[in-house]
Amino acid sequence: MKRICVLIPAYNEQIVISSTIESLIESGFHAHNIFIVDDCSTDDTLLVAQKYTDNVVRMPTNGGKAAAQAYAIEHFKLLTTYDYVVMMDCDSRVGHDFKEIIYLNTYYFPHIDLFIGQVKNAKSGNIISALRTVEYTFSHDVIKKGQHNFGVIYVAPGCASVYSTRILKKLVFDTEILAEDMDLTLQVHELSGKIKYLHGADVITQDPKTLTDYNKQISRWYRGFWQVVDKYNIFRYGLHKRVTTYMLYIILDTLIANRIVTALLSAFFMPLQIIALGFLIDFMIFFAITLYAAIKTKRYGICLKSPLIYMLMFVNAYVFIKSFFEVIVLRRKKFGWNKVERYGEEDE
């Protein structure tokens, strides 16, 4: 049987870390195979973690998620003790069958270097949760499956990734990159590693509760995305690998054909009636995707929120463009982590 452990970096996570660890134990992981690295929390994260496992270490100084992961891997000698390392986030919980699915796949597909779980969001009544229900359901049911089939998965979610230690030994944790999960995934591609998406290996993650926190989160994601694009010089060398060619297509499509740019260009060259018809068609397509997500998740209330969800997509487009100018045009190098406020399960 393969030796599998779980690594959880934590910074001020006392509210949520218990539910994360408990979900892992309920899924079948033993506490002695769960490792926590506290990135100099100022709350009781360390004390809470120590109630569940002795495998807890505190960073000498606050270094961020990637630095914490690298420190813990070295400190606990995970690369020589285990065959696979599950990377988890403290705001996430695994499904009941998660461990069984992981173990079965590591047994039947030993050549795979990186397994990716299916990210879902906790049920909540706010508009951000409604948007995430649509995004996660469609992106994992449809897009991620397609990416898997063509070998172009470019990001293994940081809350739901399982690395073989044979590939992990060759990876470098870049502490300057906000999207460390995307950076590690592209490193796996650069090493010609094999990646497999596991539909049904559920990991349930929290959504931001406020628009302020939502902006913080997507700003971090998009800035990290552009940092990776810059690091791998994808604008220049995007065609040299299948995955970066796919990323180049996404970049051009999202940067040039996004809703904000389309609306501005259309205003100069098209009659108002044509513009309105175009956005009506766009909304109907979006509503069809929303309906699909509602049926799949049995969260039918999100259909009523579809107009508001659609408006949030314009926020996404704005932040994506803004992040492009910050990282690629203005060449900003340093960004804060923009940590999102956590909350307990009773508030979900």
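This section describes the surroundings of one helix, two buried residues and several salt bridges in a predicted model.

Helix H1, spanning residues 17-27, is largely enclosed by the rest of the structure, because eight of its 11 residues are buried. The buried positions are Ile17, Ser18, Ser19, Thr20, Ile21, Ser23, Leu24 and Ser27. The elements that cover them include three strands, E1 (4-10), E2 (34-38) and E5 (92-94), together with helices H2 (45-50) and H5 (98-108). After H1 comes Gly28, which has a positive phi, near 120°.

Two individual residues were examined for their environment. Thr133 belongs to helix H6 (residues 127-150) and has a relative accessible area of 1%, so it counts as buried. Its side chain makes a polar contact of 3.2 Å with the side chain of Asn121. When neighbours within four places in sequence are left aside, the contacts of Thr133 are Asn121, Ala293, Thr297, Arg299 and Ile302. Ala179, by comparison, is located in the loop between helix H7 (165-168) and helix H8 (180-190). With a relative accessible area of 7%, Ala179 is also buried. Beyond its neighbours within four places in sequence, Ala179 is in contact with Gly224, Phe225, Gln227 and Val228. The C-alpha atoms of Ala179 and Arg220 are separated by 7.6 Å, although these residues are 41 apart along the chain.

Side chains of opposite charge can pair when their charged atoms come close. The structure holds 23 salt bridges. In one of them, Arg58 pairs with Asp38, and the closest N and O atoms are 2.8 Å apart. Arg58 lies in strand E3 (residues 56-58) and Asp38 in strand E2, so this pair ties together parts that are 20 residues apart in sequence. Arg58 is partly exposed, at 39% relative accessibility, whereas Asp38 is buried, at 1%.

A salt bridge within a single helix is formed by Lys216 and Asp213, both in helix H9 (residues 211-231) and three residues apart, about one turn of the helix. The closest N and O atoms of this pair are 3.8 Å apart. Lys216 is partly exposed, with a relative accessible area of 29%, while Asp213 is buried at 8%.

Arg259 and Asp282 form a further salt bridge, with the closest N and O atoms 2.7 Å apart. This pair links distant parts of the chain, 23 residues apart, with Arg259 in helix H12 (residues 259-269) and Asp282 in helix H13 (residues 272-297). Arg259 is partly exposed at 21%, and Asp282 is partly exposed at 22%. In addition, Glu13, Asp91, Lys339 and Arg342 are joined into one network by salt bridges that share partners.

Terms used:
Residues are numbered from 1 along each chain as its sequence is written. This is a predicted model: local features need pLDDT of at least 70, side-chain atom pairs count only at pLDDT 80 or more; totals for chains, interfaces and linings use all residues. Side-chain values use heavy atoms; hydrogens and water are left out. Buried means under 20% relative accessible area, exposed over 50%, partly exposed in between (1.4 Å probe, protein chains only). Helices (H or I, at least four residues) and strands (E, at least two) are DSSP runs, numbered from the N terminus. Contact means heavy atoms within 4.5 Å. A polar contact is a pair of N or O atoms within 3.5 Å; within protein, one must be able to donate a hydrogen and the other to accept it, and residues adjacent in sequence count only if both atoms are side-chain atoms. A salt bridge is a side-chain nitrogen of Lys or Arg within 4 Å of a carboxyl oxygen of Asp or Glu.
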